[in-house]
Amino acid sequence: MELQSSLITAFEEILDKMAFMVFEAGSAPKLEHPAPYGYTSRIAFKGSIVGTLNLYFTRATAEAIARNLMGLRDGDELFK
């Protein structure tokens, strides 16, 4: 459980510093129709600890992260 907590903290810090986004950890709500994931990412790591971190984002979340990483403001076009 300590590893999971460390990974969550690291990911939150990355999003805060690089994408200017704040996420709060919590349990996932049980939805009748979960949002379709537009993007997935898998990060594998090896060393004294071996594991994989899987990330799932809706298209809207992925676009918001992309906008913030590129410094686009509301109204700026993300795609042309």
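## A walk through a small α-β-β-α chain

Let's start with one residue: Leu7 is partly exposed, with a relative accessible area of 26%. Keep in mind as you look around that this is a predicted model. Leu7 belongs to helix H1, and it also gives us a link to another part of the chain. Along the sequence, Leu7 and Leu53 are 46 residues apart, yet in space their C-alpha atoms are 8.2 Å apart.

Now step back and take in the whole chain. Its secondary structure consists of 2 helices and 2 strands, and reading along the sequence you meet them in the pattern α-β-β-α. The chain has 80 residues, of which 11% are buried. About 7000 Å² of the chain is exposed, with 56% of that area supplied by carbon and sulfur atoms. What share of the contacts between residues at least 6 apart in sequence joins residues at least 24 apart? The share is 25%.

Let's follow the chain from its helix H1. This helix has 17 residues and reaches 24 Å from its first C-alpha to its last, close to the 24 Å expected at 1.5 Å a residue. After H1 comes Phe20, with a positive phi near 55 degrees. Phe20 has this positive phi although it is not a glycine. You will find Phe20 in the loop between H1 and E1. Is Phe20 buried or exposed? Its relative accessibility is 63%, so Phe20 counts as exposed, the cut-off for that word being over 50%.

Next come the strands. Strand E1 covers residues 39-45 and strand E2 covers residues 51-57; the two pair in the antiparallel sense over 7 bridges. To see one of these pairings, find Phe45 and look across to Gly51 in E2, its bridge partner. The hairpin of E1 and E2 has 5 residues between the strands, and there Gly47 takes a positive phi near 155 degrees. As you look along a strand, a general rule is handy: in a regular strand the side chains alternate between the two faces of the sheet.

Moving on, we reach helix H2. With 12 residues, H2 reaches 16 Å from its first C-alpha to its last, close to the 16 Å expected at 1.5 Å a residue. Following H2 is Gly71, whose phi is positive, near 75 degrees.

Helix H2 also holds a pair of charged residues worth finding. The side chains of Arg59 and Glu63 meet in a salt bridge, with 2.8 Å from N to O. The count for this model comes to 1 salt bridge. Why do these two residues sit about one helical turn apart? Because Arg59 and Glu63 are 4 residues apart in helix H2, about one helical turn separates them. More generally, an α-helix has 3.6 residues a turn, so residues three or four places apart point the same way. Both partners are partly exposed: Arg59 has a relative accessible area of 46%, and Glu63 has one of 23%.

Our last stop is on the surface. Which residues make the nonpolar surface patch of about 420 Å²? They are Ile14, Met18, Leu69 and Met70. The elements giving two or more residues to this patch are helix H1 (2-18) and helix H2 (59-70). Met18, for example, has its place in helix H1. So the tour ends with the two helices that open and close the α-β-β-α pattern, both of them contributing to the nonpolar patch.

How values were computed: Residues numbered from 1 in each chain as written. Predicted model: local features only at pLDDT ≥ 70, side-chain atom pairs only at ≥ 80, totals over all residues. Heavy atoms only, no water. Patch = residues over 30% accessible without salt bridge, like charges linked within 9 Å, V, L, I, M, F, W, Y side chains within 5 Å. Areas by Shrake-Rupley, 256 points an atom, 1.4 Å probe, with all protein chains shown as cover. Salt bridge = Lys/Arg side-chain N within 4 Å of Asp/Glu carboxyl O. Pairing = 2+ DSSP bridges. Expected span 1.5 Å × (residues − 1). Buried < 20%, exposed > 50% of the residue type's maximum accessible area, 1.4 Å probe, protein only. Contact = heavy atoms within 4.5 Å.
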